[in-house]
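Student: Could you take a close look at one part of this structure with me? I would enjoy a single connected account that starts from how strands are paired.

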Amino acid sequence: MGGGGGGGGGDDEEWLPRCPCPADVTIVLVGKVGSGKSATANSILGSKVFASKHSYSSVTKMCQMSRTTRSDGCAEPRTINVIDTPGLFDMSTTTEDTRKEIAKCMEMSKNGIHAMLLVFSADSRFTREDADTIECIKIFFGDSIVNHMILVFTRGDQIGEVNWKDMLADKDASYLQDVAKQCSDRIILFDNKTIDAQHQEEQLNKLLDAVDSVISNNNGIPFSNKMFTQIKEEHDRQNEIGVQGSAEQTSMPRHDIYDGYLMLITKMVEEKLNSTIEKLQKQLMEEQKARQKIESEVAEAKMRSEEEIRKLREELEKAKQDSDKARQFYEKFKWMECAIM
Ligand SMILES: Nc1nc2c(ncn2[C@@H]2O[C@H](COP(=O)(O)OP(=O)(O)OP(=O)(O)O)[C@@H](O)[C@H]2O)c(=O)[nH]1
Ligand SMILES: [Mg+2]
């Protein structure tokens with residue numbers, strides 16, 4: 001595939017060609033613990049940089065960044081920054097550490113995120129929690145984050161393209177279908193285990209085509225918002241203090257400045273995360289209320305139709321009795337008529 005057209009899980013022809021090509025591309029991988037984020041990050045990097053293994057607990061504890069250079073598709077080689085994360089935005093486990101890691105992830109990507117890869121395991125059920133994670137990301141970053149999202153399903157080797165497409169087309173996968181539509185069908189099945197070099201290259205090109213489609217759709221501008229701008233401003237301010245301080249030999253040590261800066265971002269992230277959780281809970285409650293309303297309407301309609309059926313049965317019974325009576329009367333009348341004759 002290389003530098004040319006698109007490809008993907010949805011409509012293969014819809015992705016735009018690779019252009020414009022920023023010299024520096026930042027990709028962030030997020031998703032549930034064990035979904036295959038680090039393995040996918042390693043596949044992009046082309047080497048086993050991040051720890052990736054089976055575990056009952058989370059393997060990646062902290063956000064980490066690594067970079068690679070690729071020259072495919074663009075005139076100049078470009079740097080791809082890959083940020084691997086622990087299970088962020090999993091609303092069932094938002095510990096203090098997670099909040100700190102979200103802050104760190106935002107710090108690492110303060111110049112903007114070109115593409116956010118939402119990683120899922122193709123061989124696990126897509127649960128309510130998975131949907132909540134997506135909703136949480138949308139509330140936290142803002143709805144326009146979907147313009148930078150790519151859905152990546154790992155364990156392609158175990159599921160296979162045909163099965164996977166059937167699973168996606170299932171009528172019960174409507175939430176996933178909606179999200180895929182919001183992401184302009186940038187949805188990919190990925191196999192991190194393949195040792196076939198050609199397959200590795202093809203699927204990586206497919207993934208990078210999706211990244212380039214995102215870049216192209218956004219005119220090369222990475223995702224950013226007020227929070228990122230504030231982080232960048234704060235970063236520049238702290239840098240200035242650091243530089244001035246070291247020049248005057250009076251300031252705090254650099255690591256203290258950095259810690260203070262990180263604390264500030266964490267506080268900002270914490271506030272945003274709290275309001276996100278509040279909004280998400282409100283959204284869930286409204287959904288639940290709407291569901292309950294529909295359920296009670298269905299129950300009422302059922303009761304109403306049961307009552308109507310009962311009435312119809314009564315009417316039928318009465319009509320039967322009336323026709324029996326009429327028949328008896330007619331037979332009696334016929335007998336009398338015969339007797340008279
Ligand atoms: N068969 C198969 N296994 C995979 C694939 N991708 C990841 N795995 C395996 O899934 C397990 C978890 O993968 P990780 O990359 O550690 O997942 P993670 O999302 O980074 O996990 P945490 O860091 O704990 O959040 C590892 O044993 C991987 O080898 C894949 O495409 N196929
Ligand atoms: Mg990991």
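Tutor: Gladly: two strands count as paired if DSSP finds at least two bridges between them. Helices (H or I, at least four residues) and strands (E, at least two) are DSSP runs, numbered from the N terminus. This is a predicted model, in which local features need pLDDT of at least 70 and side-chain atom pairs count only at pLDDT 80 or more, while totals for chains, interfaces and linings use all residues. Residues are numbered from 1 along each chain as its sequence is written, chains are lettered from A and ligands numbered from 1 in the order in which they are written, and side-chain values use heavy atoms, leaving out hydrogens and water.

Let's settle on strand β3, residues 78–84. Six of its seven residues are buried (under 20% relative accessible area; exposed is over 50%, partly exposed in between, with a 1.4 Å probe and protein chains only), so β3 is largely enclosed by the rest of the structure. One neighbour is β1 (residues 24–31), which pairs with β3 in the parallel sense over six bridges; here Ile 27 has Val 82 of β3 as its bridge partner. The other pairing, with β2, is antiparallel and has seven bridges. Within β3, Asp 84 is the bridge partner of Gln 64, and Arg 78 stands opposite Arg 70.

Now step back to the whole sheet. It is open and mixed, with six strands in the order β2-β3-β1-β4-β5-β6. Its edges are β2 and β6 (187–189), each pairing on one side only. Ignoring direction, neighbouring strands are turned by 25° against each other on average, with axes taken as lines fitted to C-alpha atoms (for helices over the stretch in contact) and angles running from 0 to 180 degrees between N-to-C directions.

Edge strand β2 (64–70) also leads to the metal site: Thr 60 sits in the loop between α1 and β2, and Ser 38 lies in helix α1 (residues 37–45), 22 residues apart from Thr 60. Ser 38 (OG) and Thr 60 (OG1) are the protein donors of the magnesium ion (ligand 2), 2.0 to 2.1 Å from it. Donors are N, O and S atoms within 2.8 Å of the metal (3.2 Å for Na, K and Ca), and since water is not among the atoms, sites may look incomplete. Both residues are buried: Ser 38 has a relative accessible area of 7%, and Thr 60 one of 9%.
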